[in-house]
Protein chains: 2
Amino acid sequence: MKNIPRKTVERALLYIRTLKRLIKAKRSHVSSKELAQITGLTDVQIRKDISSFGKVGTPRIGYKTVGLKNILEDFILQRNTVHVVLFGVGNLGSAILRYPEFQKDRIKIVAAFDKDEAKIGKKINGIPVFAIADAPGIIKKRRAVIGVIAVPREAAQDIADTLATSGLKGIINFAPTSINVPAGIPVRDIDFTIEFLSLYCGILRNHH
Amino acid sequence: MKNIPRKTVERALLYIRTLKRLIKAKRSHVSSKELAQITGLTDVQIRKDISSFGKVGTPRIGYKTVGLKNILEDFILQRNTVHVVLFGVGNLGSAILRYPEFQKDRIKIVAAFDKDEAKIGKKINGIPVFAIADAPGIIKKRRAVIGVIAVPREAAQDIADTLATSGLKGIINFAPTSINVPAGIPVRDIDFTIEFLSLYCGILRNHH
DNA sequence: GGATGTGAACGACTTCACAGCG
DNA sequence: CGCTGTGAAGTCGTTCACATCC
């Protein structure tokens with residue numbers, strides 16, 4: 001099988017989620033057109049995406065919901081559970097620790113870290129909070145793969161340095177700043193300010 | 001001036017943020033190369049982006065930090081403050097209400113809404129919480145432009161319908177589901193699960 | 001006939017190579 | 001020279017048109 005483009009992977013995760021819902025609703029088949037309606041994409045795009053995983057649909061009938069879900073999950077996620085650690089148990093960090101959708105999707109936050117003595121030793125939503133100095137050991141012991149940065153901007157780079165040397169394979173960065181990490185460790189920035197402002201710019205442009 | 005591509009706009013917001021920091025550090029000029037280092041982009045990309053706003057740099061010297069910041073802000077944001085309303089004062093919603101970076105960047109959350117009677121009438125970080133039924137009136141009175149959906153998945157579509165008929169011009173959707181809105185209202189999905197899993201997929205792929 | 005699957009055209013964005021200028 | 005600015009080439013992703021199959 002060829003290399004799947006990143007965008008296709010992202011949409012595939014969306015298809016998996018949609019298929020789960022359809023399966024729960026006892027639907028045995030679904031067409032690309034219906035998937036398009038639900039996801040807000042086009043039917044061609046969906047067929048193109050799915051075709052990268054092989055010929056799995058049947059003309060005139062569509063895709064088997066269960067079969068397609070399994071194919072996508074096997075190929076994309078390999079049925080693993082993703083172990084995650086989080087840095088920064090502030091407002092945003094706590095909200096992430098309590099985010100209810102992760103368990104359903106094989107994401108497990110296995111530890112949190114903060115510099116605040118008052119928080120260390122506590123549990124939030126069952127997840128223990130440790131001192132930052134303990135991070136490397138716990139990351140290895142709990143087989144964490146992804147690190148989440150939810151600390152204030154000023155502290156982000158320090159944390160990123162810690163992460164990079166602890167064996168984590170990827171970073172989600174909520175801090176509103178670019179962080180420097182060694183090549184080979186992918187970073188996903190989730191920057192609320194940028195999202196809000198760029199949406200606003202788009203609105204301004206459309207109204208001339 | 002031509003139409004600025006969306007990606008360029010997003011990066012321009014990043015440049016503005018970086019320039020502010022440089023200005024605070026009393027730097028009068030900066031080269032595309034240095035901006036590239038700080039932001040993690042390439043210098044060519046930065047010159048290309050900036051050139052869409054006119055010829056503002058001087059060869060051999062670089063860009064004037066203050067001048068460039070003003071040009072970008074004027075063109076992109078038009079020096080407005082963006083008024084935002086938020087739906088869903090749960091863990092994530094509360095964290096967004098308390099997010100400290102918004103004020104610095106001309107984003108102002110002017111009201112929040114929740115269906116929970118216990119929360120209505122309270123203030124969080126100075127932002128009042130109202131009943132959802134009050135949304136259309138308050139959105140108009142406070143000139144809100146963007147609505148944020150931070151409610152559970154099941155409630156997201158209902159809220160989206162409310163938003164669309166209240167005169168809001170754009171939506172930020174944190175709920176892990178696609179929402180249907182009338183054409184002409186742009187939606188930005190910020191989907192934690194998708195971000196985590198697609199990062200993980202990329203990691204899996206790179207390690208074969 | 002009505003759906004999937006796909007090479008080809010198209011479009012958007014990035015990178016390259018180099019012109020221009022202080 | 002060193003840095004900006006930019007047309008051209010290249011890359012990536014989407015859309016189209018149509019062949020294919022039950």
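**Note on the predicted model: sheet, chain pairing and DNA surface**

1. In chain B, B:Val85 stands opposite B:Ala111, a residue of strand S4. The model is a predicted one, and this pair is a convenient place to start reading the sheet of chain B. Strand S3 (residues 82-87) and strand S4 (residues 107-114) of chain B run parallel and are joined by six bridges.

2. Taken as a whole, the sheet in chain B is open and has seven strands, placed in the order S5-S6-S4-S3-S7-S8-S9, and the pairing between them is mixed. The edges are held by strand S5 (123-124) and strand S9 (187-189) of chain B, each of which has a single partner strand, so one side of each is left without a neighbour in the sheet.

3. Two helices that lie across this sheet deserve separate mention, since they come from separate chains. Helix H7 (residues 153-164) of chain B lies across S3, S7 and S8 of chain B, and runs at about 170° to S7 of chain B. Helix H8 (residues 192-206) belongs to chain A, yet lies across S3, S4, strand S7 (146-149), strand S8 (170-173) and S9 of chain B, running at about 155° to S8 of chain B.

4. On the relation between the chains, chain B is superposed on chain A by a rotation of 180° with 0.0 Å of shift along its axis, at an RMSD of 0.1 Å. The two copies are therefore related as by a two-fold rotation axis. Of the interface residues of chain B, 100% are also interface residues in chain A, so the copies meet through the same surface.

5. Turning to the DNA, there are 19 residues around DNA strand C, and those that come nearest are A:Ser32, A:Lys55, A:Arg60, A:Tyr63 and B:Arg11. Of the atoms of DNA strand C that come within 4 Å of the protein, sugar and phosphate account for 58%. By class, the surface near this strand has seven charged, six polar and six nonpolar residues, and at least two of its residues are supplied by each of helix H3 (43-51) of chain A, helix H1 (6-24) of chain B and helix H3 (43-51) of chain B.

6. Which atoms of DNA strand C lie 2.8 Å and 3.0 Å from A:Tyr63 and A:Gly57? In both cases the partner is a phosphate oxygen, which lies 2.8 Å from a polar side-chain atom of A:Tyr63 and 3.0 Å from a backbone N or O atom of A:Gly57. For A:Arg60, an N or O atom in the side chain is 3.2 Å from a sugar or linking oxygen of DNA strand C.

Key: Residues are numbered from 1 along each chain as its sequence is written. Chains are lettered from A and ligands numbered from 1 in the order in which they are written. This is a predicted model: local features need pLDDT of at least 70, side-chain atom pairs count only at pLDDT 80 or more; totals for chains, interfaces and linings use all residues. Side-chain values use heavy atoms; hydrogens and water are left out. A residue is near a molecule or strand if one of its heavy atoms lies within 4 Å of it. A polar contact is a pair of N or O atoms within 3.5 Å; within protein, one must be able to donate a hydrogen and the other to accept it, and residues adjacent in sequence count only if both atoms are side-chain atoms. Helices (H or I, at least four residues) and strands (E, at least two) are DSSP runs, numbered from the N terminus. Ala, Val, Leu, Ile, Met, Phe, Trp, Tyr, Cys and Pro count as nonpolar, Asp, Glu, Lys and Arg as charged, and the others, Gly among them, as polar. Two strands pair if DSSP finds at least two bridges between them. Contact means heavy atoms within 4.5 Å. Axes are lines fitted to C-alpha atoms, for helices over the stretch in contact, and angles run from 0 to 180 degrees between N-to-C directions. Copies are superposed by least squares on the C-alpha atoms of residues with pLDDT of at least 70 in both.
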